[in-house]
Each structure stands twice: as structure tokens, then as C-alpha cells.
Amino acid sequence: MHLSRRSVLAAATAGAALPAAPALLAASKTTASLPAASTAAAGHPRTGFERLAADGYRLLDGRRVGVVTNPTGITRDARHIVDVMHADPRVRLTAVFGPEHGFRGTAQAGGSEGRYDDPATGLPVYDTYLKSGRPLADVFTASGVDTVVFDIQDVGARFYTYIWTLYDCMEAAALAGKRFVVLDRPNPVTGRSAQGPVLHREFATFVGRQPIAQAHGMTVAELARLFNGEFLDEPVPLETVLMTGWGRDRFYDAAGLPWVPPSPNMPTPDTALVYSGTCLFEGTNLSEGRGTTRPFELLGAEGVDGRWAAEANGTGLPGVRFREAYFAPTFSKFQGKTVGGVQIHVHDRAAFDPVRTGIALLVTARKVWDGFAWRPDNWIDKLTGSTRVRTMIDAGAGTDEVVGAWQDELAAFRKVRAGYLLYK
């Protein structure tokens, strides 16, 4: 029986017995790239945009270019790539496409900036948020571009929507007959390994379109190749501009790049470090720290006290400690009310496992606080990719049991993922 890579993922997410994984190609036939000359060079990595510019934008020569980006699309000296390319006569930049939060980043979670002309450049800015398929393809067609460039900083979590903006734009570009170029940036929490449950297809939403792990451990260029090779019914003509000098074990502060919050509640690389685990609290009645200066590092609710921090510290989770904390969110859950909970302090980034930590915090919160509840819409199932985490925790399962339940599907995803990794 012949087994495709797609069938391996499908079997895993359906809970079926897994066959041996077939040989994997590094990229699909529709993929080309400006390769990384060295991925272990000393000094700071060079981003995809830096290499594109240093090459004189030859990849974009003679093209009508539109850029999918947001405030994170910057140079090392903190200029926006749209401003840089607009001022360069070698680039025919004709449109910008904004994701959730908008091109210039003025919108909160669940919002965008709509259609407008950018005051700084005069370029038309089109809204991609919540558009996909043919409607998004029509936006690309109406813009008049023939090449779509993607340059957005990701944070390494399946439910961070920019990677699904990437997926939707690739799908739409294929439908509209457009060429697609991805400019790579570091995964700020490293690309050492994939962790967490793999999405089951019946739970696909904008916080998870396809079956990848909760912490995917990939860069956007690697994800683009994975999407093209595994999930898109019609692969897009794809080109990727890789980084040089970036290794899979490097955290964001090793990149020498300024940090621009990719979204309003992702203020620092420390936030990104914990996010793939503590974002699960969006699916509960506890605050995930929105409305504080430390979102996703502060968690709590009315009626929670120091017992939670003590219980969490008693789990012996590697690389992290928990401090009893009290805070008053200025918006979102418990706005203006003082709540009790924990602050997460990561003291060993290399040992820290954000997904296991998130599960342990859910298990211990439920144990010590009798007010614990899931969001009524079971949003936790969308975040984790199935009903399993919710139902197991409700049944009294411990952290090891919950984490152990997804290991087979995670192993299958890791085998597929390995064929698309571009850096050592």
C-alpha cells in the first residue's frame, strides 16, 4: 500500500495506528529559494529581507509587487520594509496587504484596519483579515500585483493567526495565478523541536487551519514549504528567501534585531516564550493577563490565592518557577478588578517546555480553585485541536497522562516536519 505524507498526518490526527513514515522531500517541485549560504555563521543572522535587498531585489525585478506585512516587517535599523522598498526605484511596489491588527498595527485582537491609502507612502492597503479562498484571491486580482511577498514575524504557536494568514494568502495567490515569495525571519522561541497536540481537522478554524503541532518549531519559510507540500490542493509558485547565520537553538535575542510587538498582547520575546502554553487560558474563565503589562505571564481570577503557585511549584516543571501574584486587568476578563493567581518566571529557557507547563497550570488551577470552568463555547478545543485536553482534565487526568496522550500524533508530525526544515 502506498502512503503519502498527507495520509500519515491524517492517520495521526484521527487517532489511527501509524504506518512507517515514507521518505520525505525537502521541498515541493513548485518551490524555489534563495538559499542560506551558511546557517551557523558567527554573529547576527541576516533576515530574508536583508538578503533580498543585498541581492539588489533581483527576485522582484520587473514585477508588480504587493507585500503582506505588519509592524514587524522591519530592517535591523528599525525602518519598515514597505518604506524602504517604496523609496527604492529597483522595486515596483504597488500594494500592501494587512493581516489581523492591521498593516500599521492599530487594531486590537479580532480587528483590522480595513481598506485605506497609507499616509506615509500613498500605497493602497488592502485588508486580508478573515478573508480566504476566492474572496482573498479577488483582492489580489483587484490590486493588480503579480507577485505577493510575505514578511511577518511569527511567535511559534499554531494558534497565532499570522501563519494562517500565510496559508490563506498562499492558497489565494494560487487561485489568482500570482507568484508568492516568503522572506524568512527567526522563530523567536527557537526551532529545536515541535511540541504539543496536533490539530484534528474537524476543529479547523483561523487559530488552526491544518494539522500541525501546537508549538511547531518552524520558521515561516519552512511552514510555507510544508503548507505547499502537504496541505494546499493547488500549490502556489513559491520562492523563499532564507536567513543566514540562524541556528535552530537560537532565541530571538541572539538575532540582534529590534523586537516589535507582532500584536498588542505580545509585548516582548518573553511573552512569546510562554505563549504556546499559557494561551490555553483563553479557553477558561481565568484571565490570561490581557490588560496587564505581562499578558500570558500573569494568570488569575477572583478567588484564587497562593495555593495555586504552591501547587504549580510542587509539580517540578523544568526551567520555570511560579510566584503568587495579584493584579487588576485594565481590559478583557476581570477588567478593573483585583484578581489572584501566578506569574510565570522562566529561569532556564533551554529546559522550559511551554506546552507541558500550560497543561500543568490548567490541571493545578482546577485542583485548587473550585470556580474553575472552561469557556462555554469550548474554545479550549479549538486551541488544543480536539476535545481531548478538556475531557481528560475534567476526568481528573494528571499532566503526564494528558501530555502522553498526544505523543503518537506528535511523532507523526515530527517525521513530516523533518522534510521541510531548512536550518541546522
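The exercises below, each with a worked solution, concern helix 5, its packing, and several aromatic contacts.

The model is predicted, so local features need pLDDT of at least 70 and side-chain atom pairs count only at pLDDT 80 or more, while totals for chains, interfaces and linings use all residues. Residues are numbered from 1 along each chain as its sequence is written, and side-chain values use heavy atoms, with hydrogens and water left out.

**Exercise 1.** Determine what span helix 5 should have, and compare it with the distance between its end C-alpha atoms.

*Solution.* Helices are DSSP runs of H or I with at least four residues, and strands are runs of E with at least two, numbered from the N terminus. The expected span is 1.5 Å times one less than the number of residues. Helix 5 has 15 residues (162–176), so it should span 21 Å. Its end C-alpha atoms lie 20 Å apart, which agrees. Just after the helix, Gly-177 has a positive phi of about 70 degrees.

**Exercise 2.** Establish how many residues of helix 5 are buried, and how helix 5 is oriented to helix 6.

*Solution.* Buried means under 20% relative accessible area, exposed over 50%, and partly exposed in between, with a 1.4 Å probe and protein chains only. By this criterion, 13 of the 15 residues of helix 5 are buried. For the packing, axes are lines fitted to C-alpha atoms over the stretch in contact, and angles run from 0 to 180 degrees between N-to-C directions. Helix 5 and helix 6 (residues 220–231) pack at about 45 degrees, with axes 10 Å apart. Helix 5 is therefore oblique to helix 6, since angles under 35 degrees count as roughly parallel, over 145 as roughly antiparallel, 65 to 115 as roughly perpendicular and the rest as oblique.

**Exercise 3.** Classify the aromatic pair of Tyr-275 and Phe-296, and state which parts of the chain it ties together.

*Solution.* Rings of Phe, Tyr and Trp (its six-membered ring) pair if their centres lie within 6.5 Å; planes under 30 degrees apart count as stacked, over 60 as edge-to-face and the rest as tilted. The structure holds 16 aromatic pairs. In the pair of Tyr-275 and Phe-296, the centres are 4.9 Å apart and the planes stand at 90 degrees, making it edge-to-face. Tyr-275 belongs to helix 7 (residues 269–278) and Phe-296 to the loop between helix 7 and strand 11 (298–301), so the pair ties together parts 21 residues apart in sequence. Tyr-275 counts as buried at 6% relative accessibility, and Phe-296 is buried at 1%. Both belong to one aromatic cluster with Phe-159, Tyr-160 and Tyr-162.
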